[in-house]
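Hello,

Here is the structure I promised to send over. Please have a look at it first, and then read on for what turned up.

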Amino acid sequence: MLSWMPQLEKGSGPKYRAIADALLADVRSGRLKPGHRLPPQRQLAKELGVDLTTVTRAFNEARRMGLIEANTGSGSYVRGRIPDREEVPSAGLPIIDLSMNMPPQPPEARLRERIQDGIAGVLSSPYGLMHLHYQESAGAGPDRAAGTRWLAGRLGAVPVDRVVVTGGAQTALYAIVRILAGPGDAICVPDLTYPGLRAIAEQLRVRLVPVAIDGEGLDPAALEDACKRERPKAVYCVPTIHNPTAATMSSKRREAIAGVARRNGITIIEDDAYGALPRQAPAPIAALAPEITWHIATLSKCVTPALRTAYAVTPGFADTLRLAAEARAMALMVPPLMAALASRWILDGTLDAITAAIREESAARQAIARRTLKGFEFQAHPEGHHLWLTLPERWRRADLNVYARQSGLALVPSEAFAMGSAPDAIRVSLGAAQNRAVLERGLGLLATVLSYGPSALSSIV
């Protein structure tokens, strides 16, 4: 006999919602007490004569409302505290975010504590109040020097006069594009590319020329053809853990891209947002072709976007002056307190410790994804924050987006990145979920939805 059987009213709307509403009513009436174990979803679905996905959606809705909680291996239970009516979130809001591509925040990183202690340490130093003043547009000298120390692990020795500290990678990217290209000029990009660059190009009226990609990223032959045909000013690429496909270029591929750029007299914009995540990765293109490469390295993906700190490495001192001038016109300066905190963490080893904790957490989340999404086709880097999933034949991205949101999931469809025809694929981000259990629940729900076609699910929405 089931430990709980909902009383469903006929014609009361979607079945999953009716089950969730019945659960809420029974909790409020006292029929279900805190700690009461609910029946297994599959068994409940069989007794009610509904699809398993209906019960799964109902339980996820109940979790979103704060009614129940799930413990891996032991089932779902009524929560110890019953939420008040005003605390129940409105329907339709995603409960599990698989869309925001940000680093996870594991307890081992101790971010909250380290930010509090770090800022206190910065302000209590003999020159602490200087970090509350205006700073040079290229970044304060000590912050630029700390940046070269952090970059040295991937780029080797970099002169301080080639480094500009900016308020995030997007600021650096906007300024660099503005320097390199004017209205009507062309920049070559992967045919699946970062939406932030597309927004910049629209603002500056720069043409983005899509270039075919393969399992390693930009195809050198396709880039060569585009250069001859379009005569671009630059090429933009993300060589390590490409967003969104997660592809990483081999050393040979990076050398080939640099060779194409040299032969055609174009500049390379290297977005190295994820470069600090892998334990081992090929040398950046900026280390292979420093005289033609603008390199952007940010702390947003390996620590936290809250620092708003990135380091741009220019091809030469004259370019540094131009970038500093653009940065001054756009934002005046990097937030001094955040830049000083980043410098402190670089010098005392805290930044490396945080990155290591995030790397370990990302690896664990990728392992969850491999296990939960087994049988589906996707690309991922074992230490990255996201994966690129090809939809089963029965699905189209527009349909999946609708059903995913109705099921309580936030995803990013391929058209957000596509420069032309969008493939039937989605980017699934693993870092925004507050912990591994929530992530596993979300990926499990995604796998359940993917396992059924739109026609099967249409009867329960």
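Let me start with a question: is Leu132 buried or exposed? Leu132 has a relative accessible area of 54%, so it counts as exposed, since the cut-off for that class is over 50%. Please keep in mind that this is a predicted model. Leu132 sits in the loop that runs between helix 4 (111–124) and helix 5 (141–155). Together with Leu123 and Leu129, Leu132 makes a nonpolar surface patch of about 300 Å².

Next, a pair of helices. The axes of helix 6 (residues 169–180) and helix 7 (residues 195–204) come within 10 Å and cross at roughly 40 degrees. That angle makes helix 6 oblique to helix 7. The handedness of the crossing between helix 6 and helix 7 is right-handed.

Now to the charged side chains, where I spent some time. The count of salt bridges comes to 15, and here are some of them.

Helix 8 (residues 220–230) is a good place to begin. Glu230 forms a salt bridge with Arg207, with 3.1 Å between the closest N and O atoms. Glu230 belongs to helix 8 and Arg207 to strand 6 (residues 207–211), so this pair ties together parts that are 23 residues apart in sequence. Both are partly exposed: Glu230 has a relative accessible area of 25%, and Arg207 one of 38%. Arg207 and Glu230 are also linked with Arg229 in a network of salt bridges.

Glu224 pairs with Arg263 in another salt bridge, the closest N and O atoms being 2.7 Å apart. Here the partners are in helix 8 and helix 9 (residues 251–264), so the bridge ties together parts 39 residues apart in sequence. The two ends differ in exposure: Arg263 is exposed at 57% relative accessible area, whereas Glu224 counts as buried at 14%.

Further along the chain, the side chains of Arg371 and Glu440 meet in a salt bridge at 3.3 Å, N to O. Arg371 lies in helix 13 (residues 350–372) and Glu440 in helix 15 (residues 436–451), so the parts tied together are 69 residues apart in sequence. Glu440 is partly exposed, with a relative accessible area of 28%.

One last item from helix 8: Ala222 lies there and is partly exposed, with a relative accessible area of 21%. Ala222 and Cys188 are 34 residues apart in sequence, and their C-alpha atoms are 10 Å apart in space.

Happy to talk any of this through.

Best wishes

Notes:
Residues numbered from 1 in each chain as written. Predicted model: local features only at pLDDT ≥ 70, side-chain atom pairs only at ≥ 80, totals over all residues. Heavy atoms only, no water. Patch = residues over 30% accessible without salt bridge, like charges linked within 9 Å, V, L, I, M, F, W, Y side chains within 5 Å. Areas by Shrake-Rupley, 256 points an atom, 1.4 Å probe, with all protein chains shown as cover. Salt bridge = Lys/Arg side-chain N within 4 Å of Asp/Glu carboxyl O. Helix = DSSP H or I, 4+ residues; strand = E, 2+ residues; numbered from the N terminus. Buried < 20%, exposed > 50% of the residue type's maximum accessible area, 1.4 Å probe, protein only. Axes fitted to C-alpha atoms, helices over the stretch in contact; angles between N-to-C directions. Parallel < 35°, antiparallel > 145°, perpendicular 65-115°, else oblique. Left-handed = near helix turned anticlockwise from the far one by under 90°.
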